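Trainee: Could you take me through one part of this protein slowly, and then show me how the rest fits around it? I'd like to follow it along on the screen.

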Amino acid sequence: YENPSSGVRLRATLAVPQFALYGKGSLRVWCYDSTYTNRNYSVLFGGFPGAPEAFMAEEKRSINDIDREIEVARKSASSHGNSELAEKLRNIKLARNKRQFKSVYCIPVLAPCSGKENSGCLAVLNLDASEVGFFDAVEKTKLLYALDPIISTIALVLSARHPEAKYGFPR
């Protein structure tokens, strides 16, 4: 979606857990709001800022400047001796040079009830914007008001999945 008056482009993606393949806290972008010619099913590794943090904490997260946040996280991982995470973040920063989205708002999709095997956070809805700092408090409030029924529907669908069901990804 592109707002004609501001020129800001928005995109929505849904990231689902992929702990068995990529480790605790790791997510994989599973579906997009539209068909994109260069779409790939990105992996968001545990320890990354944004969606993995939102998933693990079951709280909303926003990143005002994705490139700056990746660099801060990379330096932190490197200084704490986590060279594997630092290298993954370096590679993401290099790949980001081709991407147009500058900020992201990550909204956890929480199970509609507790006490079941599928309770807690089921996925993360990511809203990407082409402008740094787009998701201020007013914008977040407007978006949450509009998206609440959609997030609730996604939560109902995902919580109804069989616990052993796998998310399918084309090769």
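Mentor: Let's start with strand β5, residues 103–110, which pairs with β6 in the antiparallel sense over eight bridges. To find the register, look for S103: the bridge partner of S103 in β6 is A129. Keep in mind that you're looking at a predicted model, not an experimental one.

Now stay on β6, which covers residues 121–129. Nine of its nine residues are buried, so the strand is largely enclosed by the rest of the structure. What does the enclosing? Part of the answer is a second neighbour: six bridges join β6 to strand β1, residues 10–17, and these two strands also run antiparallel. One pair to pick out here is R11, which stands opposite D128 in β6.

That pair deserves a closer look. The side chains of R11 and D128 meet in a salt bridge, with 2.9 Å from N to O. It links distant parts of the chain, since R11 sits in strand β1 and D128 in strand β6, 117 residues apart. Are these two buried or exposed? R11 has a relative accessible area of 19%, so it is buried, though the cut-off is under 20%. D128 comes out at 6%, so D128 is buried as well.

Zoom out a bit and you'll see an open sheet of six strands in the order β3-β2-β1-β6-β5-β4, with antiparallel pairing. At the edges are β3 (43–44) and β4 (61–63), each of which pairs on one side only. Helix α5, residues 137–159, packs on this sheet and touches β1, β2 (27–32), β4, β5 and β6. The direction of α5 makes about 40 degrees with that of β5. While you have the sheet in view, here's a handy rule: in a regular strand the side chains alternate between the two faces of the sheet.

Next, slide over to the edge strand β4 and the loop before it. In the loop between α2 (51–57) and β4 you'll find E58. Its backbone is worth a glance: phi of E58 is near 55 degrees, a positive value in a residue other than glycine. With a relative accessibility of 39%, E58 counts as partly exposed.

Around there you can also trace some charged partners. R61 forms a salt bridge with E53, where the closest N and O atoms are 3.8 Å apart. R61 forms another with E59, and there the closest N and O atoms are 3.2 Å apart. Through these shared partners, E53, E59 and R61 are joined into one network. How covered are they? R61 is partly exposed, with a relative accessible area of 25%. E53 is partly exposed too, at 36%, and E59 counts as partly exposed at 44%. Across the model, the count of salt bridges comes to four.

Finally, step back to the whole chain. It has five helices and six strands, and from the N terminus on they run β-α-β-β-α-β-α-α-β-β-α. Of the 171 residues, 41% count as buried. Among contacts between residues at least 6 apart in sequence, 58% join residues at least 24 apart. The chain exposes about 9,900 Å², and carbon and sulfur atoms supply 52% of that area.

Notes: Residues are numbered from 1 along each chain as its sequence is written. This is a predicted model: local features need pLDDT of at least 70, side-chain atom pairs count only at pLDDT 80 or more; totals for chains, interfaces and linings use all residues. Side-chain values use heavy atoms; hydrogens and water are left out. Helices (H or I, at least four residues) and strands (E, at least two) are DSSP runs, numbered from the N terminus. Buried means under 20% relative accessible area, exposed over 50%, partly exposed in between (1.4 Å probe, protein chains only). Contact means heavy atoms within 4.5 Å. Accessible areas come from the Shrake-Rupley method with a 1.4 Å probe; for residues, only the protein chains shown count as cover. Two strands pair if DSSP finds at least two bridges between them. Axes are lines fitted to C-alpha atoms, for helices over the stretch in contact, and angles run from 0 to 180 degrees between N-to-C directions.
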